[in-house]
Protein chains: 2
Amino acid sequence: MATAPTDRTRVRRVPHRGAYERETIEAILDETLISHVGFVHDGQPVVIPTLHARLGDRLYLHGSAASRMLRTLQKGVPVCVTATLVDGLVLARSAFHHSVNYRSVVVFGTATLLEPGEETVKVLELFTERLVPGRWADVRPPNRQELKGTKVLSLPLDEASAKVRTGPPIDDDEDYDLPVWAGVLPLATQVAEAQPDPRLDPAIETPGYVARWRP
Amino acid sequence: MATAPTDRTRVRRVPHRGAYERETIEAILDETLISHVGFVHDGQPVVIPTLHARLGDRLYLHGSAASRMLRTLQKGVPVCVTATLVDGLVLARSAFHHSVNYRSVVVFGTATLLEPGEETVKVLELFTERLVPGRWADVRPPNRQELKGTKVLSLPLDEASAKVRTGPPIDDDEDYDLPVWAGVLPLATQVAEAQPDPRLDPAIETPGYVARWRP
């Protein structure tokens, strides 16, 4: 399914890199660990890194009930959420054509505060499970006081677009003969060995979902 | 050197995570590959991922002269540039205290267009060299037409702040007795083997600065 680009989501610079298929957009949102949320506060743009989670055609943000960002967003002001994966450095024969392989999603919309209740807990489970599948069943679930101190907001993915660059450098025709190495340095997120909490009871073994965790 | 926090840069949520020392701010900006630039366009916040480079107490952005972002920023409108490193997933005994180890910088200000000239080339060299040290000397430098098609903007680091979380999870006292694994999954950027351009002359060897490249 493709979402028709709106005037706001149409990719203008290098339009062939624009992608509007819902599957592409969802895959990027699901793979990025964090996103950057933009909103306007007293006329000033503010960009804050935050965790996100996606379920169906909605994007969820959460945090402390005291968060200035969430208190601003719940007023229904315009918001922009951008999630970016850097897949590689692209080394061309000319300085000018150096580039980055990346996949990004930009979502425009307004956020809505979830009424506290069953759905909130389900979304908090989603935040945990999408980052560390298998974790939720192990941990102490949120109590009433913690739920009271937590806000969950959602925004629809109606106005979302992706931008993707892949592949080798594209050089000017006359530069291909230059004696210069060209190619891609592929980048990805890597996990190192899990570090147990210094206060962890040594009798507690590392669960498989931690030992086998991959980005 | 520390920059006194302004009303805009003071970290409000979890204030002990705020850092205002110039060295901390510069180190995070220098280590992040990309940043997210926020500006207001027709009342709508827009957040765009972009490369950045730092020299002294200025942050540089660059791109096509046709870029809507750069054309907007050069008008001197308020901008927010945020750069974030995700260092680990923090698994607490309670769902509520799960967190992320991260280092982020938020810069507020207004950008200024660099007059085309010698300084522009120096900054473009910086963009290349900070990502791939040793690369600039190898490549075809920008020609007059490419320089004409490129814009470089800078903004001062006067209003910048960092926010940093490190270390193990912090659980509620009564949760430390729960039989739940807790700790950190450390994350970092990893490089895979360089992929030569399919059109690369096989006689051209991989340079050391590519083979030994590390994030």
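Two residues are in contact if their C-beta atoms, placed from the backbone, lie within 7 Å. The legends below use that term for a predicted model.

**View 1. Chains A and B meet through a contact with 82 residues from each chain.** Chain B gives 82 residues, and chain A gives 82 residues. Seven elements are named here by type. The strands of chain B that give two or more residues to the side touching chain A are β2 (34-41), β3 (44-55), β5 (78-91), β6 (99-110), β10 (183-191) and β11 (195-196). The helix α3 (118-131) of chain B also gives two or more. β10(B) gives the most, with nine residues.

**View 2. The side of chain B that touches chain A, by residue class.** Nonpolar residues number 53 on this side. Polar residues number 17. Charged residues number 12.

**View 3. A rotation superposes chain B on chain A.** The rotation is 180 degrees, with 0.0 Å of shift along its axis. The RMSD is 0.0 Å. The two copies are therefore related as by a two-fold rotation axis. The same surface serves both copies: in chain A, 100% of the contact residues of chain B recur.

**View 4. Thr189(B) beside the rotation axis.** Of the residues of chain B, Thr189(B) comes closest to this axis. Its C-alpha lies at 2.3 Å.

**View 5. Strand β11 of chain A pairs with β10(B).** β11 of chain A spans residues 195-196. Two bridges join this strand to β10(B). The two strands run antiparallel. Gln195(A) has Val184(B) as its bridge partner in β10(B).

Key. Residues numbered from 1 in each chain as written. Chains lettered and ligands numbered in written order. Predicted model: local features only at pLDDT ≥ 70, side-chain atom pairs only at ≥ 80, totals over all residues. Least-squares fit on C-alpha atoms with pLDDT ≥ 70 in both. Helix = DSSP H or I, 4+ residues; strand = E, 2+ residues; numbered from the N terminus. Nonpolar A, V, L, I, M, F, W, Y, C, P; charged D, E, K, R; others polar. Pairing = 2+ DSSP bridges.
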